Every structure is written in C-alpha cells, then in structure tokens.
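Student: Please choose one part of this model and take me through it closely. Keep it brisk, and show me how the pieces connect.

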Amino acid sequence: MKFDSRKAFPYPVLRPGSDDYVGEVFHIDPPKISVSNQVVEIEIKYNLSSDEIKQLIENGDAEYVAVITCRATFFGEMPLFSHTNIVKGAIETSKLRGSVEIHPYVVAKREILSFESSSINLEFGNLPFNFSSGDVLAQGDKYSFKIDREVFNPLSTVVNLNLKKELAPGDWNLSFDEDKVQINASQKIHTIISNARNSNDGQSVLLSSIYFVVVMQAVQILKDDPKMRDEYKWTKALIGKIEMNQIEIDNTDAYKIANKILKEPLIRLGDLFSGDKK
C-alpha cells in the first residue's frame, strides 16, 4: 500500500483544502505519544463527520489507517489499521530519530459499489461511485513529532563533578551557565559523592539528595526563563525528559517535575532501608 499526500484522485476524497465534499471534515486530534528507551507508543483519535463513510467503516468495507514514516532512519510507511476511531500502535524506538510523521487516511478494504453521499460536490454529478480495494476515501493533514535519542541518556551525562579544594568541608555549589551543569564540591563532599556513585545503595542516596536538588534547581531556572530552554546541552536534555514524561513545565512545581523525572527517588530510598531492593 503506497500513499502520496500530493496525489490527485479521479473520484471524490474527503480531505483538507479540497471541495470534493461540502461541509464535512476529517482530521486527527494531537496524538498521545509515550516514548521510552524501548518503544514509542502512539494513540490516534480520528474525527470524521461523513455518515456515509462512517457506515462503510462500520460495515467492514473501509478502515482507518495511520501511516508512520521517519526519513532520518529510512523507516517507511508502517500502517496502523482500525475499525474504530481510535487506533493504537507501538514502534521500536531504535527505528526512529528526528522528525516522525503520522499520515491519517480512510481506505477501502474491499471493492465498494454504488457509493453515494449527499455531501459530494455536485460538480462530480449525481452518479454513484465505485471504489477498488486500497482506494483512499479520506485523507487528513499529517502530524509531526520529534524523537531525540539523547533524551534517553541519564541526566548524569550532562552533569560534571568538580573538586574545589578552597571550599569549606561541607560546602558545594552549582553553576548552570555551561553546556553541562557544574557541581563544585569541597574535598570532603567530592569524596562522598564519588564513593556513593560506585554502589547501587549510594546512587539511591544521591538521587534523593544532591541530584534531586540539581534537577529541581535546573527546572526552576527553565520555568523562570523560557529562553534558556534551548541554550545549553543540559537544558535541551532536561526539556526532552520533561516532554517525554508529558509534563507541563509551566503549570507544574519544580519539585514535582524533579520527582517525576528521577522516578520517585524517595521510593527507591525507602526500598533501601526496608530491604526491598529492586
């Protein structure tokens, strides 16, 4: 099955920018997209007003189709089919990178004879239409979204730990004006963090302490100054994590965002003390 959004059809097709049908619409809502390191899950809701085309779908003569494409990885034309106005599918994340497009259609599933609709433009005449299997009956505007592979890297890849011997034993500070967030730590704090990094238990403690502070402060900076969101490597990585978790940064407190991005670190810390380690 090959789809071409620029194709001209010898029969009426319900689509934006065309007057083949009068007073009818076909489009999709912004899809629900969930991205993980393994799969991209997509849920698409169709909006179709034509009762006659809906009847074809209900009768099993036609179906909703979403074609997923990604030029950067040469991932081509994976169609998702559904007889309801909601279609779900999953694609391996490794197959996608950069811009991903969703092209919505209604397609004839089998030969259709003597199709009529009162909404078809009178310029086509009053004769009924016949369709072959695979013919496009409706076509919607494409929807695009982006997949950034760096989003799946841990935030630790955009954080540097620096030894500052001039600081008092318990002191440390943060700097956010470089590509990576800088944690400047005294000799004692530097040693504590370095040792903690080498064990799962230590990492659990770090996530609930210094890394929670780092992420919360970084999020607050991006909330206060939206222009910063595309400024540095760490800002892009953090925004990617926020979008991947479907968080509304402007309407969510910084500590709640940090808790979600770090996957509820206090739960992990609780498992450490309860002996229920995962």
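Tutor: Start with one residue of this predicted model: Ile183 is found in strand 14, residues 181–185. Is Ile183 buried or exposed? Its relative accessible area is 1%. Buried means under 20%, so Ile183 counts as buried. Now compare sequence and space. Ile183 and Leu222 are 39 residues apart in sequence, and their C-alpha atoms are 18 Å apart.

Now the main part: strand 3. Strand 3 covers residues 39–48. Find its two faces. Val40, Ile42, Ile44, Tyr46 and Leu48 make up the covered face. Val39, Glu41, Glu43, Lys45 and Asn47 make up the uncovered face. Why do the residue numbers skip by two on each face? In a regular strand, side chains alternate between the two faces of the sheet. Keep Glu43 and Val40 in mind.

Next, the partners of strand 3. Strand 1 covers residues 26–28 and pairs with strand 3 in the antiparallel sense. That pairing has 3 bridges. One detail fixes the register: His27 has Asn47 of strand 3 as its bridge partner. Asn47 belongs to the uncovered face.

Strand 2 covers residues 32–35. Strand 2 also runs antiparallel to strand 3, and the two share 4 bridges. They form a hairpin, with 3 residues between the strands. Look at one pair across it: Val35 stands opposite Val40 of strand 3. Val40 lies on the covered face. Val35 lies in strand 2. At 17% relative accessibility, Val35 counts as buried. Val35 also gives a contrast of sequence and space: Lys146 is 111 residues away in sequence, yet 10 Å away from C-alpha to C-alpha.

Strand 6 is another partner. Strand 6 covers residues 86–92, and 7 bridges join strand 6 to strand 3. These two strands also run antiparallel. In this pairing, Glu43 has Lys88 of strand 6 as its bridge partner.

Now look at the side chains. The structure holds 5 salt bridges. One of them is formed by Lys32 and Glu43, at 4.0 Å from N to O. Lys32 sits in strand 2 and Glu43 in strand 3, so this pair ties together parts that are 11 residues apart in sequence. Lys32 counts as exposed, at 55% relative accessibility. Glu43 counts as partly exposed, at 23%. Glu43 has a second contact. The side chains of Lys88 and Glu43 meet in a salt bridge of 3.8 Å, N to O. This pair links distant parts of the chain: Lys88 in strand 6 and Glu43 in strand 3 are 45 residues apart. Lys88 counts as exposed, at 60% relative accessibility.

Here is another salt bridge to set beside these. Asp61 pairs with Arg110, with the closest N and O atoms 3.1 Å apart. Asp61 lies in the loop between helix 1 (51–58) and strand 4 (62–70), while Arg110 lies in the loop between strand 7 (98–108) and strand 8 (112–115). The two are 49 residues apart and link distant parts of the chain. Asp61 is buried, with 19% relative accessible area. Arg110 is partly exposed, with 38%. Now return to strand 3: which residues are joined into one network by shared salt bridge partners? Lys32, Glu43 and Lys88 are.

Charge also shows up in another place. Asp224, Asp225, Asp230 and Glu231 form a negative surface patch. Asp230 sits in the loop between helix 4 (210–224) and helix 5 (233–244). Its relative accessibility is 58%, so Asp230 counts as exposed.

One last stop: backbone angles. Most residues other than glycine have a negative phi. Lys263 is not a glycine, but its phi is positive, about 60°. Glu264 is not a glycine either, and its phi is positive at about 50°. Lys263 lies in the loop between helix 6 (254–261) and helix 7 (265–274). Glu264 is found in the loop between helix 6 and helix 7. Lys263 is exposed at 65% relative accessible area, and Glu264 is partly exposed at 45%.

To recap strand 3: trace its pairing with strand 1, with strand 2 and with strand 6. Then find Glu43 on the uncovered face, in one salt bridge network with Lys32 and Lys88.

Technical notes:
Residues numbered from 1 in each chain as written. Predicted model: local features only at pLDDT ≥ 70, side-chain atom pairs only at ≥ 80, totals over all residues. Heavy atoms only, no water. Patch = residues over 30% accessible without salt bridge, like charges linked within 9 Å, V, L, I, M, F, W, Y side chains within 5 Å. Areas by Shrake-Rupley, 256 points an atom, 1.4 Å probe, with all protein chains shown as cover. Lys, Arg positive; Asp, Glu negative; His and termini not counted. Charge placed at Lys NZ, Arg CZ, Asp CG, Glu CD. Buried < 20%, exposed > 50% of the residue type's maximum accessible area, 1.4 Å probe, protein only. Pairing = 2+ DSSP bridges.
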